Amino acid sequence: MRPTIVCHMMSSIDGRLNGDRWSEPFDGKNRDILFAPYYTISERLSPEAHMLGRNTVQIHFCPKTFDHTGLPRAVRPEPYLALSPAPRKLVILDPHGKIFYDTNTIMDSGIIAVLGENVSEAYLTHLRENDISYLFAGADGHDLENAMEQIGTLFNIERIVLEGGGIVNGQFLKHGLIDEFSLMIYPGIDGLAGIHSIVEYTGNDDERPATGQSLELISADKLENGVIWLYYRVHRKTPASR
């Protein structure tokens, strides 16, 4: 069985994600003070693993890129379970195997890389040499349902906090894989069109990635400094469209 997936995000009141662009607090406080509850709430959600997209990881933790140029593809790609003792896990969605790792832990969490089967054999060697677990989400790395089931089965993980960017969140929504939403609203605004929002599915104009999925508000709390925390449960009345 796949884990319960909680999408946990913080945005401006207009749903934008780039915190560097949000307006300043009205009382002149440092914006970092307002960001702090995001991490506190993340732990209150009691995850056994966090999950990030490749872009977020390369921006904040591992900027180097692995060069696959001219390297042969993996012959028989099979999951690999590292010996890392870290009790907490960090699932990283990296379908093309772009991240070059200098460590096997991020934020004190052991890494589980979710890859496509089209990565090079040399990249899998790179991961094993760094004692990094990996598994495969189909040929192109986008079979998220299968990947989440493997995470539940192979690693006995029952609850994941998804903190992806809007595009990653959009893919999980489209595939009916988000069970709860934890949304923190920063008391500020961005206002510019085209800035990434908390959920962004790229598809045709007639697609509705939330079809068959409804939200039940579980709680709404006003935190310090005007931050609002909204917590929803997702109900699927019909199978989510694919």
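Which strand is the place of Ser182? Select residues 180-185 and you have the answer: Ser182 sits in strand 8. Keep in mind as you click around that this is a predicted model.

**Stop one: Ser182**

Show Ser182 with its side chain. The residue has a relative accessible area of 1%, and because the cut-off for buried is under 20%, Ser182 counts as buried. Now bring up His8: its side chain and that of Ser182 are joined by a polar contact of 2.8 Å. Add Trp229 as well, since the Ser182 side chain also makes a polar contact with the side chain of Trp229, again listed at 2.8 Å.

Want to see who else is around? Expand the selection to the residues touching Ser182, skipping neighbours within four places in sequence. You'll pick up Val6, Cys7, His8 and Met9, then Ile41 and Leu45, and finally Trp229, Leu230 and Tyr231.

**Stop two: helix 1**

Ile41 is a handy stepping stone, as it is one of the buried residues of helix 1. Select 31-44 for the whole helix, then colour its buried set: Arg31, Leu34, Pro37, Tyr38, Ile41 and Ser42. Look down the helix axis and these buried residues fall within an arc of 145 degrees, so they line one face of the helix. On the other side, pick out Asp32, Tyr39 and Arg44, which are exposed.

What covers the buried residues of helix 1? Turn on strand 1 (4-11), strand 2 (49-53), strand 7 (159-162), strand 8 and strand 10, which are included in that cover. Strand 8 is where you met Ser182.

Now check the two ends. At the start of helix 1, zoom in on Asn30: one of its side-chain oxygens comes to within 2.7 Å of the backbone nitrogen of Asp32. After the helix comes Ser46, where phi is positive, near 55 degrees.

**Stop three: two loops with positive phi**

Jump to Asp108, in the loop between strand 4 (105-106) and strand 5 (109-115). Its phi is positive, about 60 degrees, although Asp108 is not a glycine. Is this residue buried or exposed? Asp108 counts as exposed, because its relative accessibility is 67% and the cut-off for exposed is over 50%.

Finish at Asn225, in the loop that runs between strand 9 (213-222) and strand 10 (228-236). Here too phi is positive in a residue other than glycine, with a value near 65 degrees. Asn225 has 26% relative accessibility, so it counts as partly exposed.

Conventions:
Residues numbered from 1 in each chain as written. Predicted model: local features only at pLDDT ≥ 70, side-chain atom pairs only at ≥ 80, totals over all residues. Heavy atoms only, no water. Helix = DSSP H or I, 4+ residues; strand = E, 2+ residues; numbered from the N terminus. Buried < 20%, exposed > 50% of the residue type's maximum accessible area, 1.4 Å probe, protein only. Polar contact = N/O pair within 3.5 Å; in protein donor to acceptor, adjacent residues only side chain to side chain. Contact = heavy atoms within 4.5 Å. Arc of directions from axis to C-beta.
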